[in-house]
Structure formats: C-alpha cells, structure tokens
Amino acid sequence: MQTSRQTSSGSKNAYEDEDDEEDDKSELLDLAIVGAGISGLMAAKTISEKGAGIRFRLFEKSAHPGGLLGGLKTRWITPHHFHAMSLCHELQIPLTTVWRQSEVSDTRHSLLSIGPFRELSHDTQEEGFCSSLRALLVRLESNRFMVELDCLCTVKYIASNAQNMERFLQKKLLFEASRRFFRFLIKIGTGFYPCELTVATCLRLFRSMSSVRDLFDMLTLQNGHLHPVESPTWDTLIERLVSRIGEEHVNYSTNIVQLEITSEQQSEVVSLTDGTGRQWRARYVILAISCLDLVQISILPNEPLYYQQPDIQLGLWSMANFTVRYPAPYWRDHGYTGCIFCPTQCLICYESGHNQLSGTYFSPLRGVLNDTERHLIRDTILRLLRTNFSCRTMQKPLDCSLEVHPIPFYFDVFPTFERCIIFSSTNVSCWYRGFINGSIQGGIRAAILALLEIRPQTITFREVTDMQCMHFKYFRQRSALERVWYSLNLASVSRLVAGAGAVLLAYGVYRLLLKADICSWWSNR
C-alpha cells in the first residue's frame, strides 16, 4: 500500500515538473537577468521598485547569490564610492573601517608593512647606501609613472596609441623592479599582461577603474576602507537586496548556456537555455555576469563582437582567496602589521580580524584543481607568510580556508546587442569597474536601458541624466603640479645623460687624437 502511494506521489511530482517546464516555455517574461551578483541584484531592485507590473526573473548558476563578492576587488569600499555609500545608507547597513589590529596594539615600536619594493633589500646581506638609494629611486619612479598613467587615462577622450604596453613600460621605466611591479598590477587589475594590450586599451581599462592609484589602493589595505559592521563579507548587503526583490524571482543553480534571438509577431524574443536543456523566453535580457562567464554563453543566430581574451599560456591564471586564523598575532610580535603586497611572490595579504589574515595568492595552475594542487597552494601561502614575517609558527594555523577562481579579465562591448540583450558591465557603463561601486552602477544603468524599452513612461529625466553622466560624479581634474611631476622621467633623463656622456666621451677622444697628431708632427719636425 505504501509502495503504491509512493509510486503515485512520484508520478504526481513528475507530472508537476512537466507542468512547470511547460509553464516556463509558455510564459513570456518581460525581462530576464542572468547573474545574481551585485550588478544583477541592483538591476532587479531598480526594476521591482518601479512597480510597473514588469515580469522578470533572475538566473544564477550557483546555489546562492552574491557572485564573487568579498574577493580580490570587492573586500571593501571607500567614502568616495558614491553609489555604494548611497545603497548602504538606503538599506540601513552601518559601515565601519576595516579591522587593523596594529591600531589597537600597545606596542612601543612602529609596525612595518611589506610593500611592493621591499624585496629589493633581499638581494644583498647588508643594505648599504647604494641599495637604499636604488630602492628609493624605484619607489619614486613607480609613483611618478602611476601619476603619468592617471593623467593619461582620466581624460574625456583617450588618444589613440597602438604601441604595445610592454614596450611602453620599457620606454618609460628605468628599473626592472618598477616594470615588474606594473606588470603584476596590470595583470591582476585587468586580467591581461602588458604584452597583450595596446597603450590605448590599457588606459581605457584603467579609466573604467577610476585610476591606477585607486586600483592599487583598493588592492591594499588603506585607512578609510569600509565594510559592514555585521558582516565583513557583505552578506548583509546581499540578504537585504534579495529581500527587496523577493526570493520567488530568483532561480538558483541555473546555468544559462545559450541565448537565441527569434522574431515573434513582429517583435524580438530571446530564448534562454540552461545546461540541462530547460528553456525560458523573455523580451529583453540583461547579462550581469563577468567577462569570463560571458564568453561561455552562445548567442544565436549572430554573436556580438567580443574583444580579445587573455592568453592562458602566459604566467598567472588563477587566484586563491585565503583566510588564515592563528592563536595569536605572531606577525605583530615580529614587528609587522600583517599587510603584504609582493609582486615577486604573487601575494597580497592584510589583517582581516582578531588573530586573522586574509588575502590572495596568484598561481599559474589552470582548470579545476584537485586536492593535491589545493594543498600545494595552501602550503605555498603558509611558507610565504613564514618567510615574510620571519616566523616559523606562521606555518601552523588553527584554520585555513581557500577559494580558487580564475583571475577576472575585462573587455568592452557595446551596451546593447540587437536592442534586446543588455550588458551591465562595460567601460562606458560604470566607474570603478570590477569593484562593488562599479557593479552597482552597471546594474542601475542596465535596468534603465531595459526600462527605456519596456516601460519608458516610468523613467524620470534625472535617472536618464544620471545614467549618461555617471562618470562626472568621480572625475577629478589633475593639477598642474601633478602634470609637471609626471613629466619628470628617470628613463628619459638616464638616456639623456647617457647620450650626453657619449658625446663628451667622443669629444674627449677626438681631442686626445688631435693632440697626439700634433705632438707626433712636432717631433718629426
């Protein structure tokens, strides 16, 4: 009897699943949003708050929302992030500065942070005057070149420059340590090595991230970095966004792999297909996903023009976000704050809590990692922490969590494709691209573009102008002093000095030869 009941209930559930699939195929959504990260959730929030009866649904490939929030570029915000600060104020999320144990310590000596040029002193046993001078020149050269890049990229129109970025670094920078620093910064910031980019393309990517200085400051712990009081991983922000939207509008564990544009009744309809073959239909689609996921989706019948992708055979490919907890702050006992930015070791680290370090390690390993490779990355991270902080007990943590992802990369696409597919993250749609603030902007802009097609009467003039003038909230004119500072180039000065020295040497040899000829002529006479 029980078996027959189970059979009947099982057949009933099968019929219900089939009915749900038929309902999904027959239902025509006004809007489908692919991706339930910050960008997708902001687009859904903007749509739902209009109250215009728009039928929409979010599709998220993982089992939870949030995307890569809390990773390399999304650990914190600053007071300059206008849209992120406004959203936290609207959702009543209190913010606090990121934990810095060194600020509350009672040590009598100042604590040190390991910067990108500290490894210069490791080449020699004794740090003499020459090595100290060289380290100072490298730091000055790197800061000057950072100002130069910021002055070149924070303009309305970036000049066309097809020169290779790697050759540009070699031309502008005198020291190899400076070039190594910028190669690492460009790779982890844009996803590309300098040899894969032109100067103009690299500057456009930097402009979408506000500036090179802002990129560097966001990757390292600085005074004024903020995160939620209740949840440093921004879980509170995600929960409140989902509650505003409604759980019933989100489909989890749904990996959209194909979009097909068809014509029905003189209008465009997009069919969405997931990895299991299940389908949905929508009039408009917002792709609120990373560039890495974007290239995995097939768009039929014609695909949009995507720009270049990183060469996976070059150097670093994956990043491991880690959190290590210890019984005590051993690094503080050895005179360190816990902050590391080391390009030669591909390591970024900061103090994230009581007796706790977090950061990112960049690895050349590719694809899905097995347990052996994950243990190798874990052991490498602990070994680097022990080496940098000169403390053997750093290799014996209480707990070590690890999440491995591919290094995100960025390319530009037009904001819309065939007017029915909208891209939420492009160079022209957000400022601080890749950060929380940029994701919020991209979601808002994508929602406004969709509403202009679906319910244009719900859009206000202020929303349209805010979307068009989004960059002006963050644009900052460079001062004359900064422009003079970036014009002082050590590499150019060194080449000028070398050229002048060669001329003087040639002139001296000429004078010697001339004098020798005169002397010989006098002696013969």
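**Note on strands, salt bridges and one buried aspartate**

1. Leu112 stands opposite Tyr336 in β12. Strand β4 (residues 112-114) and β12 are joined by 2 bridges and run parallel. Two strands count as paired if DSSP finds at least two bridges between them. Strands (E, at least two residues) and helices (H or I, at least four) are DSSP runs, numbered from the N terminus.

2. On provenance: this is a predicted model, where local features need pLDDT of at least 70, side-chain atom pairs count only at pLDDT 80 or more, and totals for chains, interfaces and linings use all residues. Residues are numbered from 1 along each chain as its sequence is written, and side-chain values use heavy atoms, with hydrogens and water left out.

3. The protein chain comes to 17 helices and 17 strands. Of its 525 residues, 47% are buried. Buried means under 20% relative accessible area, exposed means over 50%, and partly exposed lies in between (1.4 Å probe, protein chains only). Take contacts between residues at least 6 apart in sequence: 76% of them join residues at least 24 apart. Contact here means heavy atoms within 4.5 Å.

4. Back to strand β12 (residues 336-342). It is largely enclosed by the rest of the structure, because 7 of its 7 residues are buried. With strand β13 (residues 347-353), β12 shares 3 bridges, and the two run antiparallel. Ile340 has Cys349 in β13 as its bridge partner. β12 and β13 form a hairpin, with 4 residues between them. Check Cys346 in that turn: its phi is positive, about 55 degrees.

5. The wider sheet is open and has 6 strands, in the order β4-β12-β13-β14-β11-β15, with mixed pairing. Its edge strands are β4 and β15 (399-406), each pairing on one side only. From one strand to the next, the twist averages 20 degrees. For such angles, axes are lines fitted to C-alpha atoms (for helices, over the stretch in contact), and values run from 0 to 180 degrees between N-to-C directions. As background, strands of a sheet pair through backbone hydrogen bonds, either parallel or antiparallel.

6. The structure holds 15 salt bridges. The criterion is a side-chain nitrogen of Lys or Arg within 4 Å of a carboxyl oxygen of Asp or Glu. Asp30 forms one with Arg55, the closest N and O atoms being 3.7 Å apart. Asp30 lies in strand β1 (residues 28-34) and Arg55 in the loop between α2 (38-49) and β2 (56-59), so the pair ties together parts that are 25 residues apart in sequence. Asp30 counts as buried, because its relative accessibility is 4%. Arg55, at 43%, counts as partly exposed.

7. Asp30 has a salt bridge with Arg283 too (3.5 Å, N to O). This pair links distant parts of the chain: Arg283 is in strand β9 (residues 279-287) and Asp30 in strand β1, 253 residues apart. Arg283 is partly exposed, with a relative accessible area of 27%.

8. Helix α2 has a salt bridge of its own. The side chains of Lys45 and Glu49 meet at 2.9 Å, N to O. They are 4 residues apart in helix α2, so about one helical turn separates them. Lys45 is buried, with a relative accessible area of 4%, whereas Glu49 is partly exposed at 45%. Salt bridges that share partners join Lys45, Glu49, Glu90 and Arg244 into one network.

9. Which side chain of opposite charge is nearest to Asp274? It is Arg278, 5.9 Å away; Asp274 is buried yet has no salt bridge. For charge, Lys and Arg count as positive and Asp and Glu as negative, while His and the chain ends are not counted. Asp274 sits in strand β8 (residues 267-274).

10. Asp274 does have polar partners. Its side chain reaches the backbone nitrogen of Arg278 at 2.7 Å. A polar contact of 3.0 Å joins the side chains of Asp274 and Thr276. Polar contact means a pair of N or O atoms within 3.5 Å; within protein, one must be able to donate a hydrogen and the other to accept it, and residues adjacent in sequence count only if both atoms are side-chain atoms. Beyond its neighbours within four places in sequence, Asp274 is in contact with Thr254, Asn255, Ile256, Val257 and Trp280.
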